[in-house]
Amino acid sequence: VQCDERKIDRHVFDPNRSLADLVELATLEAPEDRKIEVDLKLPSGISIFADQRLFQRSIENVLRNALQHARSNVLLELTQDGAHVRVAIHDDGPGIPEEMREKVMIPFFRLQKDRGRETGGTGLGLAIVNRIMQRHGGRLTIASSPLGGATVSMMWPRPN
């Protein structure tokens, strides 16, 4: 799904600036029909070994989904977990049913059949993110959020 055409340009970087910028941008693009508060939990001193452009594209895709479906809260959280750095995006929306969590990573699959391009969905967002994660040796997971909706987590490699 599109990210195969370019070589991955991996380097070590501090993700905090990119994450803060993406949250600021996403907040400006948030749906106008409701107020959504976006919180950040970004500890310092964490590094990622990845293609920064693909990292940003992944976070942006997941963040946009969270803002689209959240009722009023989104939380972006950065943590270290062994050989990986976990970027988790939590929302307080309707969530993703357990039996659908693998399917939403398939290209062109839409959770709601009535969603199309007009209502903001091509069914490619999470499929692209999943492919980017695979190419980095990381993984994408979807779970229930402590906020009540969905948590989409991306496990990124740490520098050796």
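**View 1. Five strands side by side in an open sheet.** In this predicted model, 5 strands line up as an open sheet in the order β2-β4-β5-β7-β6, with mixed pairing. Because β2 (37-41) and β6 stand at the edges with a single partner strand each, one side of each has no neighbour in the sheet. From one strand to the next, the twist averages 15°.

**View 2. The pairing of β2 with β4.** Here β2 and β4 run in the parallel sense, paired over 5 bridges. To find your way, look for leucine 40, which stands opposite leucine 76 in β4.

**View 3. The hairpin of β6 and β7.** At this end of the strand order, β6 and β7 pair over 6 bridges in the antiparallel sense. Alanine 143 faces a partner across the pairing: threonine 151 in β7 stands opposite. The hairpin has 5 residues between its strands, and glycine 148 takes a positive phi near 110° there.

**View 4. Two helices packed together.** Now turn to α1 and α2, whose axes lie 10 Å apart at an angle of about 40°. Their crossing is right-handed. On the α1 side, the residues that meet α2 are Ser18, Leu19, Leu22, Val23, Leu25, Ala26 and Thr27. Across from them, α2 brings Gln52, Phe55, Gln56, Ile59, Glu60, Leu63 and Leu67. The residues of this contact divide into 9 nonpolar, 4 polar and 1 charged.

**View 5. The largest nonpolar core.** This core has 40 residues, and those with the most contacts inside it are Ile59, Val74, Val87, Ile89, Met154 and Trp156. Helices and strands both contribute: α1 (16-28), β3 (48-51), α2 (52-69), β4 (73-81), β5 (84-91), α3 (125-135), β6 (139-144) and β7 (150-157) each supply at least two residues. The largest share, 7 residues, comes from α2.

**View 6. The surroundings of isoleucine 59.** Which residues does isoleucine 59 touch, leaving aside its neighbours within four places in sequence? They are Leu19, Leu22, Leu76, Val87, Ile89, Met154 and Trp156. Of these, Leu19 and Leu22 belong to the α1 side of the helix contact shown in View 4.

**View 7. Isoleucine 8, ahead of the first strand.** Isoleucine 8 sits in the segment before β1 (10-13). Is isoleucine 8 buried or exposed? It counts as buried, because its relative accessibility is 12%, and the cut-off for buried is under 20%. Beyond its neighbours within four places in sequence, isoleucine 8 is in contact with Asp51, Leu54, Arg135 and His136. The C-alpha atoms of isoleucine 8 and leucine 54 are separated by 8.2 Å, although the two residues are 46 apart along the chain.

Methods:
Residues numbered from 1 in each chain as written. Predicted model: local features only at pLDDT ≥ 70, side-chain atom pairs only at ≥ 80, totals over all residues. Heavy atoms only, no water. Core = buried A, V, L, I, M, F, W, Y, C linked by side-chain atoms within 4.5 Å. Buried < 20%, exposed > 50% of the residue type's maximum accessible area, 1.4 Å probe, protein only. Contact = heavy atoms within 4.5 Å. Pairing = 2+ DSSP bridges. Axes fitted to C-alpha atoms, helices over the stretch in contact; angles between N-to-C directions. Left-handed = near helix turned anticlockwise from the far one by under 90°. Nonpolar A, V, L, I, M, F, W, Y, C, P; charged D, E, K, R; others polar.
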